[in-house]
Amino acid sequence: MGLFGRILVTLDGSDVDDAVLEDVLRLAETLGSTVLLLRVAHFHTRDSKVAEEDEAREDLARAATRLEGHRFPVETVLGRGEPQDVIIQQALALDVDLIAMGTHGHGWAKRSVLGSVADHVRHNCDVPLLLIKGHTGKEESASSA
């Protein structure tokens, strides 16, 4: 298989997913890549586990439906645990050539307090990483003014 034959696309259930899927769709069509959609169910209590897994499955189904009918295969993977760790584990286990993930564009101060999944993956995984900044309401309102 050619360049970026297997692309792991991380989803988080936010609006950022739309921007990532839009760019990955064009990339996968151009390269004939297999797209592997990953959504990590992250929960801290047994009560939230079922709800989070159900939401993750819905996000995966919605994303897979959006990519249906194009000239590349799509697979879904439901992970469980800490997103940054699961992304790295799955990237290695699935033998992917590229990880595509969205960023929310938080500033450095917020990232230093909350941490950044993308930053953790970037520093702890050798698989190439494509970061796609999600669209915000500020950008849309500025462009429509």
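**Salt bridges, backbone outliers and helix packing**

The side chains of Arg-26 and Glu-22 form a salt bridge, with N and O 3.7 Å apart. The model examined here is a predicted one. Arg-26 and Glu-22 lie 4 residues apart in helix α1, so about one helical turn separates them. Arg-26 is partly exposed, at 47% relative accessibility. Glu-22 is also partly exposed, with a relative accessible area of 38%. Side chains of opposite charge can pair when their charged atoms come close.

In total, the structure contains 10 salt bridges. Another of these joins Arg-66 to Asp-18, with a closest N to O separation of 3.2 Å. This pair connects distant parts of the chain. Arg-66 belongs to helix α2 (residues 46–67), Asp-18 belongs to helix α1 (residues 16–31), and the two positions lie 48 residues apart in sequence numbering. Arg-66 is partly exposed, at 34% relative accessibility. Asp-18 is partly exposed too, with a relative accessible area of 40%.

A further salt bridge links Arg-39 and Glu-55, whose closest N and O atoms are 3.3 Å apart. Here, too, distant parts of the chain are linked: Arg-39 sits in strand β2 and Glu-55 in helix α2, 16 residues apart. The two partners fall into separate accessibility classes. Arg-39 counts as buried because its relative accessibility is 3%, under the 20% limit. Glu-55, at 38%, counts as partly exposed. The pair is part of a network of salt bridges that joins Arg-39, Glu-52, Glu-55, Asp-59 and Arg-62.

Helix α3 spans residues 83–93. Its buried residues are Val-86, Ile-87, Ile-88 and Ala-91. The elements that cover these buried residues include four strands and a helix. The strands are β1 (6–11), β2 (34–41), β3 (74–80) and β4 (98–103). The helix is α5 (117–124). Strand β2, one of the covering elements, also carries Arg-39 of the salt bridge to Glu-55.

The backbone was examined next. Most residues other than glycine have a negative phi. Asp-95 departs from this pattern, with a positive phi near 50°. Asp-95 follows α3 and lies in the loop between α3 and β4. Asp-95 is exposed, with a relative accessible area of 57%. Phe-4 is likewise not a glycine, yet its phi is positive, about 50°. Phe-4 is located in the segment before β1. Phe-4 counts as partly exposed, at 22% relative accessibility.

The loop between β4 and α4 (108–114) contains His-104. His-104 is partly exposed, with a relative accessible area of 36%. Beyond its neighbours within four places in sequence, His-104 is in contact with Asp-12, Ser-14 and Val-16. The C-alpha atoms of His-104 and Gly-134 are separated by 5.7 Å, although the two residues are 30 residues apart along the chain.

Definitions and conventions:
Residues numbered from 1 in each chain as written. Predicted model: local features only at pLDDT ≥ 70, side-chain atom pairs only at ≥ 80, totals over all residues. Heavy atoms only, no water. Buried < 20%, exposed > 50% of the residue type's maximum accessible area, 1.4 Å probe, protein only. Contact = heavy atoms within 4.5 Å. Salt bridge = Lys/Arg side-chain N within 4 Å of Asp/Glu carboxyl O.
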